[in-house]
Amino acid sequence: MNFEFSEEQVMIKDSVARFVRDEYDFDTRRKIIDSEEGINRDFWTMFAELGWLSVPFEEQYGGFGGSVEDLVAVMEELGKGIVVEPYVSTVVIFGGLLSAATNADLKSTYIPKIIDGSCLGSFAFLEPQSRFEIADIATSATVGKDGYAINGTKTVVFNGASADSLIVAARTSGEQFDRDGISLFMVAADAPGVSIHSYKTMDGQSASTISFNDVLVTESQLLGAAGQGMEIVDQVMPNILLALSAEALGIMATLNAITVDYTKTRQQFGTPISSFQALQHRMVDTFMACEQSKSLLYRGLCDANKVAVDPSVGTAELLKSVHALKATVAKYGKLIGEEAIQIHGGIGITDELNIGHYVKRLMTINVTFGDADFHQKKFNQLSYSSL
Amino acid sequence: MDINFSAQDLEFRDEVRAFFASEYDAKVAESLSSGQGEDYKEAIVAWQKKLHAKGWIAPGWPKEYGGTGWSVTQKFIYETERGAAGIPDVVPFGLKMVAPVIYTFGSEEQKAKFLPRILSSEDWWCQGYSEPGAGSDLAALNTTAEYAGDNYIVNGRKIWTTFAQFADWIFCLVRTSKDVRKQQGISFLLIDMNTPGVSVKPIPTIDGKHSLNEVLFEDALVPRENLIGEQDKGWTYAKALLAHERTGMAEVADSKRMLANLKQRAAAEVNGGQPMIADPVFQMRLSDIEMQLMALEYTELRVFASMAAGGMPGPESSLLKIKGTEISQSIHELQLQLAAYYGGALQGDLSNQQLGHEFAAEARKSYMYGRAASIYGGSNEVQRNVIAKAVLGL
Ligand SMILES: Cc1cc2nc3c(=O)[nH]c(=O)nc-3n(C[C@H](O)[C@H](O)[C@H](O)COP(=O)(O)OP(=O)(O)OC[C@H]3O[C@@H](n4cnc5c(N)ncnc54)[C@H](O)[C@@H]3O)c2cc1C
């Protein structure tokens with residue numbers, strides 16, 4: 001049994017932590033958010049130079065050959081700084097889908113570009129009528145003479161404004177909710193027929209509504225077999241959920257630490273408010289919430305490692321663990337955010353203080369790829385439907 | 001036991017309903033929801049002037065000063081109808097906070113000078129109690145007012161002052177005596193916001209709006225005639241009205257309305273082809289709230305009934321404040337849950353229209369700002385302390 005990060009993981013964790021501490025203070029982050037593009041390209045280049053963008057990719061593409069555990073190590077530290085540069089969109093999701101893809105040409109073209117920082121990517125899946133069921137897809141890719149024509153609208157595409165390339169989930173066959181018939185296409189953000197309307201999101205990042213109007217793509221832009229896109233998505237989803245939860249955990253730990261510190265310095269009734277048992281017990285609860293979330297994260301990592309070593313064990317345990325993790329992180333994240341604000345009192349409501357900004361990122365993570373209820377229902381289906 | 005209304009009460013209810021239906025038109029509603037800019041001030045003042053013209057602006061005041069003379073039941077009916085119609089309450093600082101202090105403890109001159117202008121919404125008031133060092137421990141305040149030749153010289157800093165940017169007047173608790181028990185050296189002072197030495201600094205909040213401010217006093221001269229009652233007795237005057245303030249925080253009618261809206265939206269939002277309102281888990285979330293609200297409605301009625309029988313709102317008003325704010329916050333939470341991905345999208349050029357789910361941006365703002373409800377008006381922790389001490393005798 002071993003719940004320690006490896007020496008190598010500690011090194012990369014420390015390097016991200018150092019960056020957040022020395023170069024990504026709250027004012028710097030605010031300036032980046034207020035800037036035209038809303039991200040700092042110089043920092044992105046630096047992430048590439050430091051090797052952070054290569055973490056989960058195979059060595060044959062120039063990657064670090066890392067596991068989801070390495071990714072988690074990075075994400076937790078990025079969470080502590082609520083870093084807005086699109087690591088999740090580009091490396092975790094876009095890169096994750098490419099890693100799971102079977103189209104060798106696409107992989108060898110795009111993965112090196114992610115690693116050297118020259119390609120930012122997004123995954124366009126959500127549609128106006130869909131909620132958390134990714135297979136609820138109405139965007140169509142109909143067969144034409146040299147390939148497919150994509151038509152439809154995607155909403156809240158994270159990082160859509162900066163992305164060079166999009167992975168688009170579109171239906172090549174089947175009905176709206178069918179899992180079969182969904183295909184993933186690599187589409188250039190500036191391809192004819194693609195129009196992108198972007199907006200800021202509360203977590204300091206951005207998202208876009210993207211419409212596809214007879215966007216022509218060829219077979220060579222398919223990530224895998226036509227109609228089998230959900231297989232790729234399913235394969236990557238546990239890693240995405242683990243990485244997002246790790247980011248959330250970094251935020252939760254930070255919120256708790258800031259709040260505990262604040263209560264030691266804030267005086268009311270002639271004493272630090274940390275001396276009130278009513279508040280002490282609540283901070284004990286949020287501390288326990290954070291520890292329990294961490295345990296589920298480590299549980300998910302152990303299950304993921306087991307599957308990586310021996311795929312024949314199947315993903316049932318892993319899926320249960322990641323649904324439990326995402327549901328718990330959402331529930332406890334909400335608790336921790338709300339308690340951080342409450343225990344700060346009036347100052348917790350201000351835009352000037354950092355805690356509101358941590359809370360907003362947590363809130364965004366909470367709904368990304370499913371909220372607490374969604375994941376708890378999936379957990380129920382996996383656990384009880386055969387009883 | 002019953003809550004049957006008399007024929008007269010029902011007649012009154014119909015009159016209130018008809019008045020709201022004809023006077024609170026879509027235009028007023030729209031400008032009121034437009035945010036917290038000058039538009040908001042104009043719209044709410046215009047609406048309050050209509051209420052004033054009808055004679056309904058101050059149901060809580062004694063009749064002699066401009067109150068309605070309604071029974072407790074009528075006041076309850078009025079509030080219920082207001083909430084059901086989705087009409088925001090009046091701005092409380094003048095009508096519900098400072099006016100009762102003035103008509104209870106003020107001089108005849110003060111009553112004549114201030115009350116009519118509060119009734120007619122000519123003056124906008126704000127509340128200058130909290131300070132950086134004095135929040136829950138309000139009596140620790142140290143904005144000073146030094147008495148010097150018919151004037152007080154006021155120095156200090158008030159914080160979290162809601163809508164100070166609109167205000168003509170501020171009512172303040174200030175320290176007039178030092179070497180006494182801290183509650184005993186406090187006075188209640190009315191200050192013209194145009195006084196030289198008074199300045200206002202905005203504090204942006206996490207919902208992206210501007211309602212909070214700092215108010216600074218640098219050698220501001222305030223005439224002695226603006227002191228309420230006796231010097232050093234301000235704490236008593238302020239405290240007498242806190243219970244009233246808290247009773248108003250149950251906001252049952254408003255929560256009922258929000259919940260009704262939420263149900264409608266849940267019927268329109270779809271997941272996996274099914275409306276969210278048909279989702280058994282979502283139904284449980286809704287009914288958790290609705291059952292709490294059903295209870296609170298009757299808890300409030302019980303408080304009203306005991307007030308009608310001559311009682312004063314006591315420490316049980318803390319219960320109304322805690323439960324009322326917890327319920328409104330849980331409605332905000334569920335609204336945001338319903339908004340899913342769309343809650344996080346900030347309104348920019350066209351984004352709202354393109355996104356659909358129009359309620360989502362508002363859901364986020366309500367959720368974020370709504371966190372404050374358990375902080376202001378005496379935090380919910382402090383209210384629990386009140387119940388522990390005054391009700392349970394702990
Ligand atoms: C949106 C908003 C609007 C406001 N508007 C106004 C206004 O118009 N005018 C005005 O004067 N003020 C206003 N306030 C200020 C409000 O009254 C104070 O924020 C409130 O009294 C809490 O004080 P504080 O912020 O200093 O928090 P603190 O008193 O520092 O409290 C911090 C935390 O400690 C807890 N705590 C404190 N004492 C105890 C205790 N004994 N036991 C257990 N827990 C305790 C609190 O509950 C809170 O969770 C407003 C505040 C907000 C957020």
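The exercises below, each with a worked solution, concern a predicted model with chains A and B.

**Exercise 1. The second largest pocket**

Determine how much space lies in the second largest pocket, which residues lie nearest its centre, and which elements line it.

Solution.
Step 1. The space in this pocket comes to about 1,200 Å³.
Step 2. Its lining consists of 47 residues, and those nearest the centre are A:K334, A:E338, B:E333, B:Y367 and B:R371.
Step 3. In chain A, the elements that give two or more residues to this lining are strand 3 (148-158), helix 9 (316-344), helix 10 (355-367) and helix 11 (372-384). In chain B, they are helix 9 (280-308), helix 10 (316-339) and helix 13 (380-391).
Step 4. Helix 9 of chain A supplies the largest share of the lining, with 10 residues.
Step 5. Sorted by class, the lining holds 19 nonpolar, 14 polar and 14 charged residues.

**Exercise 2. Cysteines and disulfides**

State how many disulfides the whole structure contains, and explain why B:C172 is not bonded to B:C126.

Solution.
Step 1. Over all chains, the search finds 0 disulfides.
Step 2. The cut-off for a disulfide is a pair of cysteine sulfur atoms within 2.5 Å.
Step 3. The cysteine sulfur closest to that of B:C172 belongs to B:C126 and is 7.3 Å away, so the two are too far apart for a bond.
Step 4. B:C172 has a relative accessible area of 0% and is therefore buried. A:C119, at 2% relative accessibility, also counts as buried.

**Exercise 3. The surroundings of A:T259**

Locate A:T259 in chain A, decide whether it is buried or exposed, and list its contacts beyond its neighbours in sequence.

Solution.
Step 1. A:T259 belongs to helix 7 of chain A, which spans residues 229-265.
Step 2. Buried means under 20% relative accessible area. A:T259 has 4% relative accessibility, so it counts as buried.
Step 3. With neighbours within four places in sequence set aside, A:T259 contacts A:M283, A:A340, A:I343 and A:H344.
Step 4. Of these partners, A:I343 is 84 residues from A:T259 in sequence, while their C-alpha atoms are 7.1 Å apart in space.
Step 5. The A:T259 side chain also reaches the backbone oxygen of A:L255, at 2.7 Å.

**Exercise 4. Positive phi values**

Give the phi values of A:D214 and B:D219, place each residue in its element, and classify its exposure.

Solution.
Step 1. A:D214 is not a glycine, and its phi is positive, near 50°. B:D219, likewise not a glycine, has a positive phi of about 50°.
Step 2. A:D214 is part of strand 7 (residues 206-217) of chain A, and B:D219 is part of strand 7 (residues 212-223) of chain B.
Step 3. The class is exposed over 50% relative accessible area, and partly exposed between that value and the 20% limit for buried residues. A:D214, with 48%, is therefore partly exposed, whereas B:D219, with 52%, is exposed.

**Exercise 5. The start of helix 1 in chain A**

Describe the position, burial and contacts of A:Q9.

Solution.
Step 1. A:Q9 is in helix 1 of chain A, residues 7-23.
Step 2. Its relative accessibility is 4%, so A:Q9 counts as buried.
Step 3. The side chain of A:Q9 reaches the backbone nitrogen of A:S6 at 2.8 Å.
Step 4. Outside the four places on either side in sequence, A:Q9 contacts A:S67, A:E69, A:D70 and A:A73.

**Exercise 6. Two loop residues of chain B**

Identify the loops that hold B:I87 and B:T195, and decide whether each residue is buried or exposed.

Solution.
Step 1. B:I87 lies in the loop joining helix 4 (72-84) to helix 5 (92-105), and B:T195 in the loop between strand 5 (186-192) and strand 6 (198-203).
Step 2. B:I87 is buried at 2% relative accessible area, and B:T195 also counts as buried, at 12%.
Step 3. Neighbours within four places aside, B:I87 contacts B:F20, B:Y24, B:W47, B:R82 and B:D254, while B:T195 touches B:A220 and B:L221.

**Exercise 7. A polar contact of A:K378**

Find the residues that A:K378 touches and the polar contact that its side chain makes.

Solution.
Step 1. A:K378 lies in helix 11 of chain A.
Step 2. Beyond four places in sequence, A:K378 touches A:E133 and A:H323.
Step 3. The side chains of A:K378 and A:E133 are joined by a polar contact of 3.5 Å.

Note on methods: Residues numbered from 1 in each chain as written. Chains lettered and ligands numbered in written order. Predicted model: local features only at pLDDT ≥ 70, side-chain atom pairs only at ≥ 80, totals over all residues. Heavy atoms only, no water. 1 Å grid on protein atoms, 1.4 Å probe; cavity = no way out; pocket = protein on both sides within 12 Å on 5 of 7 lines; lining within 4 Å. Points joined across faces, edges and corners; volume = space filled by probe spheres on them. Helix = DSSP H or I, 4+ residues; strand = E, 2+ residues; numbered from the N terminus. Nonpolar A, V, L, I, M, F, W, Y, C, P; charged D, E, K, R; others polar. Buried < 20%, exposed > 50% of the residue type's maximum accessible area, 1.4 Å probe, protein only. Contact = heavy atoms within 4.5 Å. Polar contact = N/O pair within 3.5 Å; in protein donor to acceptor, adjacent residues only side chain to side chain.
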